[in-house]
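User: Hi! I'm new to reading protein models, and I'd like to understand how the labels follow from the numbers. Could you take me through this one?

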Amino acid sequence: MGNPFPFSDDNKRYHAYAYALRQRFGGRVARVPLDGGFTCPNRDGAKGTGGCAFCSGRGSGDQIAALPSLRAQYDAGRAKLAAKWPDARYIPYFQAFSGTYAPAARLRALYAEALALPGAVGLAVATRADCVTEEAAALLGGIAARTHLTVELGLQTASDSTARRMNRCETRQAFLEGLYRLHAHGVPAWVHLINGLPGETAEDMRGSARFIAGLPVQGVKIHLLHVLRGTPLAAAYAAGGFETMAREDYVSVVCDQLELLPPGMVIGRLTGDGPAGDLIAPLWSRRKREALNAIDQELARRDSWQGKFCRKIP
Ligand code: SF4
């Protein structure tokens with residue numbers, strides 16, 4: 001039997017971001033991560049100072065060249081990608097820290113600078129929902145009305161008790177408020193989830209997928225928890241406080257989550273992409289292609305696909 005999943009032209013049984021971009025732009029489009037010089041309220045003292053327990057000191061911006069201007073970072077990022085995809089167009093992506101955490105005038109200037117970069121066909125911004133002010137949402141709504149935009153909200157888990165243990169300093173309620181602020185301005189929102197947070201069961205992880213399945217969320221990135229050198233989590237791991245996920249368990253729970261998500265929700269990522277030199281565990285995650293293949297094989301083995309058990313009408 002062929003692949004029953006409608007949003008695929010490469011035999012994926014989920015709505016891969018690469019497919020969504022090909023449909024939208026008619027060719028290869030790649031994101032170029034940028035550091036706009038932001039911080040985050042969980043580091044500057046507004047909410048907390050230590051950061052989330054899993055967060056590296058560069059606020060997820062570890063892949064970005066440490067260069068002072070957006071243009072220089074962008075050129076360095078493009079040069080790396082051009083070797084792989086010489087014909088690609090690009091989406092500048094404010095990845096490091098919280099990309100809406102600044103006064104509206106500064107956000108306006110940074111977003112305009114990014115959108116004017118050569119070859120840019122849109123914009124992506126990663127942030128925390130509690131950093132989406134009304135002004136930021138209105139500004140992003142104006143951008144969404146004229147170009148391709150995605151705003152990614154770090155949720156990581158729908159469980160407030162896990163979030164507290166991870167020192168997220170953000171509640172599920174605050175997440176919902178930020179999400180609906182974006183939604184009211186017509187901004188396409190994505191969500192980040194992390195599987196394998198200490199103390200979470202597979203059912204907790206499925207619960208996070210069920211939670212976002214019922215919300216106005218256009219895309220999701222599912223990450224594997226990485227224990228990175230220098231983070232609070234690394235100390236807890238060294239002390240034997242928790243174990244990281246085995247590959248079979250991760251593959252199984254990702255497939256469960258895909259089955260629960262609406263078929264039209266774009267899947268931006270199904271593994272982590274942490275800085276290889278700082279990775280303590282799980283080391284199997286370095287072999288990303290193998291993990292993705294195992295997910296494809298497990299969906300085929302189950303004769304399943306994204307949305308098979310989603311209760312929301314797509
Ligand atoms: S909110 Fe993001 S940038 Fe801030 S500490 Fe947590 S993971 Fe790091």
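Analyst: Gladly! One thing to keep in mind from the start is that this is a predicted model. Ask away.

User: How do you know that Cys-310 is not in a disulfide?

Analyst: A disulfide needs two cysteine sulfur atoms within 2.5 Å. The sulfur of Cys-310 has its closest cysteine sulfur, that of Cys-255, 16 Å away, so the gap is too far for a bond.

User: What about Cys-169, and how many disulfides are there by this rule?

Analyst: For Cys-169 the closest cysteine sulfur belongs to Cys-52, at 7.3 Å, which is again too far for a bond. The count by this rule is zero disulfides.

User: Are Cys-169 and Cys-310 buried or exposed, or something in between?

Analyst: Buried means under 20% relative accessible area, and exposed means over 50%. Cys-310 has 15%, so Cys-310 counts as buried. Cys-169 has 27%, so the label there is partly exposed.

User: Which residues come nearest to the ligand?

Analyst: There are 10 residues around the ligand, and Cys-40, Gly-51, Cys-52, Cys-55 and Arg-128 come nearest. By type, the shell holds five nonpolar, two polar and three charged residues.

User: Let's turn to the sheet. What makes E1 and E8 its edge strands?

Analyst: The sheet is open and has seven strands in the order E1-E2-E3-E4-E5-E6-E8, with parallel pairing. Strand E1 (29-34) and strand E8 (266-269) each pair on one side only, and they are the edge strands. From one strand to the next, the twist averages 25°.

User: How do you know that E6 and E8 pair?

Analyst: Two strands pair if there are at least two bridges between them. Strand E6 (residues 219-224) shares three bridges with E8, in the parallel sense, so the requirement is met. To find this place in the model, look for Gly-219, which stands opposite Val-266 in E8.

User: Which helix packs on the sheet, touching E4 and E5?

Analyst: That is helix H6 (residues 172-184), which touches strand E4 (148-156) and strand E5 (189-195). The direction of H6 makes about 170° with that of E4.

User: What links E5 to the strands on either side of it in the sheet order?

Analyst: In that order E5 sits between E4 and E6. E4 and E5 pair in the parallel sense over five bridges, and Glu-152 stands opposite Trp-190 in E5. Six bridges join E5 to E6, also running parallel, with Leu-193 opposite Ile-222 in E6.

User: Why is E5 called largely enclosed?

Analyst: Seven of the seven residues of E5 are buried, so the rest of the structure largely encloses this strand. In a regular strand the side chains alternate between the two faces of the sheet. On one side of E5 the buried residues are Ala-189, Val-191, Leu-193 and Asn-195, and on the other they are Trp-190, His-192 and Ile-194. Both faces are therefore covered.

User: Why is Val-125 called buried?

Analyst: The relative accessible area of Val-125 is 0%, and the limit for buried is under 20%, so the label fits. Val-125 lies in strand E3 (residues 122-127). Among the residues Val-125 touches are Tyr-93, Phe-94, Leu-140 and Val-151.

User: Glu-259 is a charged residue. Why does Glu-259 count as buried?

Analyst: The label depends on accessible area, and Glu-259 has 7%, so Glu-259 counts as buried. Glu-259 is found in helix H9 (residues 247-260), and the residues Glu-259 touches include Arg-302, Trp-305, Phe-309 and Cys-310.

User: What makes the backbone at Phe-97 and Asp-303 worth pointing out?

Analyst: Phe-97 has a positive phi of about 60° although it is not a glycine. Asp-303, not a glycine either, has a positive phi of about 50°. Phe-97 is in the loop between strand E2 (89-94) and helix H3 (104-115), while Asp-303 is in the segment after H10. With 19%, Phe-97 falls under the 20% limit, so Phe-97 is buried. Asp-303 has 32%, so Asp-303 is partly exposed.

User: Which residues are joined by a cis peptide bond?

Analyst: Ala-281 and Pro-282 are, with an omega of about -5°. You can find Pro-282 in the loop between strand E9 (279-281) and helix H10 (288-302).

Conventions. Residues numbered from 1 in each chain as written. Predicted model: local features only at pLDDT ≥ 70, side-chain atom pairs only at ≥ 80, totals over all residues. Heavy atoms only, no water. Buried < 20%, exposed > 50% of the residue type's maximum accessible area, 1.4 Å probe, protein only. Near = heavy atom within 4 Å. Helix = DSSP H or I, 4+ residues; strand = E, 2+ residues; numbered from the N terminus. Axes fitted to C-alpha atoms, helices over the stretch in contact; angles between N-to-C directions. Contact = heavy atoms within 4.5 Å. Lists of a residue's contacts leave out its neighbours within four places in sequence.
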